[in-house]
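Reader: I'm new to this structure and would love a close look at one part of it. Could you pick a single helix, take me through it step by step, and then show me how it sits among the rest?

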Amino acid sequence: MTYDDWNKVGNPWRVVEAASESEAACQSALARVIDTMLELKLDCRHKNPGFQPFSVTALAGEVPGGGGRSDQAMLAAQRYHPDSEWHRACAFMLDRLPRRQAAAMMLQAARIRPEKAGESEWKVTASQMVKRQALLLRSLGMAEGVRPYESVEALQKCARRARTTLRNWIAQQEVRSAA
């Protein structure tokens, strides 16, 4: 299977299990782990994701499929809940990485290339990312205890070390034990 084929596999654990035998699966698992780590840092930092300030019984008795704001919120809360086995494993690995390396990897993962459409604080060149690193690290919740990156090369070197460490953990099947 190719990298793209592994990206289409729905269960991330299946990709991780194949990572020790296939370089394409290992690369896909690495991308999934980093994406989940980024999701945890940007989207799931608050305590009750998906829970809405209204009762799930508010629309009881309505025609199925009509109005469904509450049941859609429940489905979203279940699907994106950061307490799944996969999310816990990714969070554990992120915590195991040296903080500076993890921050560099997260900065690079969150970056949006300037030629893309739209506006975002993450739409920066590599040199702009180094200049704005304090602000961007605060957005990730990773500003404390991270020594500033002196240059783009220093940032890239730290991120590469973090990805190499993760790739080794994935290849050695340490992801499953982290859960």
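Author: Happy to! Let's begin with a term we need right away: a polar contact is a pair of N or O atoms within 3.5 Å, where one atom must be able to donate a hydrogen and the other to accept it. Please also keep in mind that this is a predicted model.

The part I have chosen is helix H3, which covers residues 23–42. Its N-terminal end is capped by Ser22, which has a side-chain oxygen 3.4 Å from the backbone nitrogen of Ala24. That distance qualifies because the cut-off for a polar contact is 3.5 Å. From this capped end, the 20 residues of H3 span 28 Å between the first C-alpha and the last, close to the 28 Å expected at 1.5 Å a residue.

Is H3 mostly covered or mostly open? It is mostly covered, with 14 of its 20 residues buried. For comparison, here is the figure for the whole protein: 40% of its 179 residues count as buried.

Let's see what lies against H3, starting with Trp6. This residue belongs to helix H1, made of residues 3–7. Although Trp6 and Ala25 are 19 residues apart in sequence, their C-alpha atoms are 5.8 Å apart in space. Setting aside neighbours within four places in sequence, Trp6 is in contact with the capping residue Ser22 and also with Ala24, Ala25, Ser28 and Arg32, among others. Its partners also include Met1, Arg14, Val15 and Ala18. Trp6 counts as buried because its relative accessibility is 9%, and buried means under 20%.

Now follow H3 further along, to where helix H5 (residues 85–96) comes in. The two axes approach within 9 Å and cross at roughly 90 degrees. H3 is therefore roughly perpendicular to H5. On the H3 side, the contact is made by Arg32, Val33, Thr36, Met37, Glu39, Leu40 and Lys41, and on the H5 side by Trp86, His87, Cys90, Ala91, Met93 and Leu94. Sorted by kind, these residues are eight nonpolar, two polar and three charged. You may recognise Arg32: this residue takes part in the contact with H5 and is also among the partners of Trp6.

Which residue of H3 should we zoom in on? I suggest Thr36, which sits in this helix. Beyond its neighbours within four places in sequence, Thr36 is in contact with Trp86, His87 and Cys90. With Trp86 there is also a polar contact between the side chains, at 2.8 Å. Thr36 has a relative accessible area of 7%, so this residue is buried.

With H3 in mind, we can step back. The protein has ten helices and zero strands, so if you trace the chain from the N terminus you meet one α element after another. Of the contacts between residues at least 6 apart in sequence, 64% join residues at least 24 apart.

Another crossing makes a nice companion to the one we just saw. Helix H6 (residues 99–110) and H8 have axes that come within 10 Å and cross at roughly 95 degrees. H6 and H8 are therefore roughly perpendicular to each other. Here Ala103, Met106 and Leu107 of H6 meet Leu136, Leu137 and Leu140 of H8. This contact consists of six nonpolar residues, with no polar and no charged ones, whereas the contact of H3 with H5 includes two polar and three charged residues.

H8 itself covers residues 133–140, and Gln133 lies in it. Gln133 is buried, at 9% relative accessible area, and touches Pro148 and Tyr149 when residues up to four places away are not counted.

For contrast, finish with a residue in a loop. Thr125 lies between H6 and helix H7 (126–131). Its side chain makes a polar contact of 3.3 Å with the side chain of Ser127, and Thr125 also touches Arg111 and Pro114, leaving out residues up to four places away. The relative accessible area of Thr125 is 28%, so this residue is partly exposed, whereas Thr36 in H3 is buried.

Technical notes. Residues numbered from 1 in each chain as written. Predicted model: local features only at pLDDT ≥ 70, side-chain atom pairs only at ≥ 80, totals over all residues. Heavy atoms only, no water. Helix = DSSP H or I, 4+ residues; strand = E, 2+ residues; numbered from the N terminus. Expected span 1.5 Å × (residues − 1). Buried < 20%, exposed > 50% of the residue type's maximum accessible area, 1.4 Å probe, protein only. Axes fitted to C-alpha atoms, helices over the stretch in contact; angles between N-to-C directions. Parallel < 35°, antiparallel > 145°, perpendicular 65-115°, else oblique. Contact = heavy atoms within 4.5 Å. Nonpolar A, V, L, I, M, F, W, Y, C, P; charged D, E, K, R; others polar.
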